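Work through the exercises below with the sequence and the coordinates at hand. Each task is followed by a solution in steps.

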Amino acid sequence: MLSLIMPGIRPNNWARVYDSIAKSTCRDFELIIISPYELPAELKDKPNIKFIQDWGNPNRCQQLGLLQCAGDVVGAHSDDAFYYPGKLDTVLDEFYDIVGPKKAVGAKYLEGDGSTEKVHQSYDYYKLNGSEWTSSPLFSDDWMLFNIIFMNREYFMKLGGWDCQFETTFYGHTDLAVRAQNDGAIPVILDLDLTDAGHMPGRTGDHAPIHDAHVEHDHPLFKKMYSEGPIQSFISIDNWKMAPERWSRRFK
C-alpha cells in the first residue's frame, strides 16, 4: 500500500488532491493530512484518510505523518499540487520492479503561477549541485533532489525520516536526499511529470512564512551543515520533538 503524507493549510484543495490520487493509481493508498485546520466535510467519511491536527512547521508536520504510515511505500505531497491520471501507477510499477531496501524512485513535476507556460525540466534541474541553494563540495555531481520521491517505509524510518531542524519541506526533502545517497541509495528519477503544482513567488499569497523560513533559516543551516564532513546519514526518528509545537512564522 502507498502512504502519502501531506502537511497542509489549504483545505479548499484537499478534496481535489484526493480525487487526483484516486485517478492516478489503481492501488490501495492512504492520505495522511497534517494541519491546524479541520478536514472538509466531503473527506470526513473517507476510510483511507488519516488526519493529525498540529500547528508545527511543515517539516515537523510531515514527520508526524510518517510515524502514522501503514503502507510499505511512502511519499510526501504538497496541497497545491495535483496528480496526473495514471502517472502514480507508472512510478509505483518502477518502484516495485527494483530489488533492495534502499530504492528511491521519483518523477518530475510542472510548477508555475499561471503567468507563464509550465516547463518540463531537464535532469540537471533535479541535481543537488545544480543550484546554489542545494549544492555542496561534499556532494557527488550525480546526487539528485528528492522533491518527489517514493521510498521503502522501513528504510525511510531507519534514516530517521526528515530532519526537523529544517522548517520547510523543501529543505527537509533536500537533506533527506543527502543522507540517503550518502548511505548508498541510488534514486531513479523518471522522465515524466507526475504532478501539476502551483507556485507563489517570494512573499506573495500565503507563501511568506515559507519564503522567510527558506531564506532566513533553512538555507543558512543547510550550508553550514554541509560545509564540511562527515555527512551523518542516520538521525533520530523522534527529532520532531525538538521543533516548536507552534510555528510562529505562520501562527502567532
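**Exercise 1: Glu132**

At 46% relative accessibility, Glu132 counts as partly exposed, since buried means under 20% relative accessible area, exposed over 50% and partly exposed in between (1.4 Å probe, protein chains only). The model is predicted: local features need pLDDT of at least 70 and side-chain atom pairs count only at pLDDT 80 or more, while totals for chains, interfaces and linings use all residues. Residues are numbered from 1 along each chain as its sequence is written, and side-chain values use heavy atoms, with hydrogens and water left out.

Task: locate Glu132 and find which residues it touches, not counting those up to four places away in sequence.

Solution.
- Step 1. Glu132 is found in the loop between β6 and β7 (149–152). Helices (H or I, at least four residues) and strands (E, at least two) are DSSP runs, numbered from the N terminus.
- Step 2. With contact taken as heavy atoms within 4.5 Å, Glu132 touches His219 and Lys223.
- Step 3. The side chains of Glu132 and His219 make a polar contact at 3.3 Å. A polar contact is a pair of N or O atoms within 3.5 Å; within protein, one must be able to donate a hydrogen and the other to accept it, and residues adjacent in sequence count only if both atoms are side-chain atoms.
- Step 4. Glu132 and His219 are 87 residues apart along the chain, and their C-alpha atoms are separated by 9.7 Å.

**Exercise 2: two strand residues**

Task: describe the surroundings of Ser35 and of Val105.

Solution.
- Step 1. Ser35 lies in strand β2 (residues 29–35) and counts as buried because its relative accessibility is 0%.
- Step 2. The side chain of Ser35 reaches two backbone atoms: the oxygen of Gly8 at 2.7 Å and the nitrogen of Tyr37 at 3.0 Å.
- Step 3. Leaving aside neighbours within four places in sequence, the contacts of Ser35 are Gly8, Ile9, Trp14, Phe51, Ile52, Gln53 and Asp54.
- Step 4. Val105 is in strand β6 and is buried, with a relative accessible area of 0%.
- Step 5. Leaving aside neighbours within four places in sequence, Val105 has contacts that include Val91, Phe95, Ile149 and Leu190. Val105 and Ile149 are 44 residues apart in sequence, with 5.5 Å from C-alpha to C-alpha.

**Exercise 3: pockets and the cavity**

Task: give the volume of the largest pocket, the second largest pocket and the largest cavity, and describe what lines them.

Solution.
- Step 1. Work on a 1 Å grid over the protein atoms alone: a cavity is a set of points where a 1.4 Å probe fits but cannot get out, and a pocket is an open set with protein on both sides within 12 Å along at least five of seven lines; lining residues have an atom within 4 Å of a point. Grid points are joined across faces, edges and corners, and a volume is the space filled by probe spheres set on the points.
- Step 2. The largest pocket holds about 1,400 Å³ of space. Its lining has 49 residues, with Glu111, Thr169, Phe170, His207 and Ile210 nearest the centre.
- Step 3. The largest share of that lining, 4 residues, comes from α6.
- Step 4. The lining of the largest pocket divides into 21 nonpolar, 21 polar and 7 charged residues. Here Ala, Val, Leu, Ile, Met, Phe, Trp, Tyr, Cys and Pro count as nonpolar, Asp, Glu, Lys and Arg as charged, and the others, Gly among them, as polar.
- Step 5. The second largest pocket has a volume of about 150 Å³, and its lining has 5 nonpolar, 2 polar and 4 charged residues. Among the lining residues are Asp163, Arg179, Tyr226 and Ile235.
- Step 6. The count of cavities of 30 Å³ or more is 1. The largest cavity has a volume of about 60 Å³.
- Step 7. The lining of the largest cavity includes Gly75, Ile149, Trp162 and His173, and it divides into 7 nonpolar, 3 polar and no charged residues.

**Exercise 4: the whole chain**

Task: how many helices and strands are there, and what is the radius of gyration?

Solution.
- Step 1. The protein has 6 helices and 8 strands.
- Step 2. The radius of gyration is 17 Å, which agrees with the value near 18 Å for a compact globule of 252 residues. The radius is taken over C-alpha atoms, and the globule rule is 2.2 Å times the number of residues to the power 0.38.
- Step 3. Of the 252 residues, 53% count as buried.
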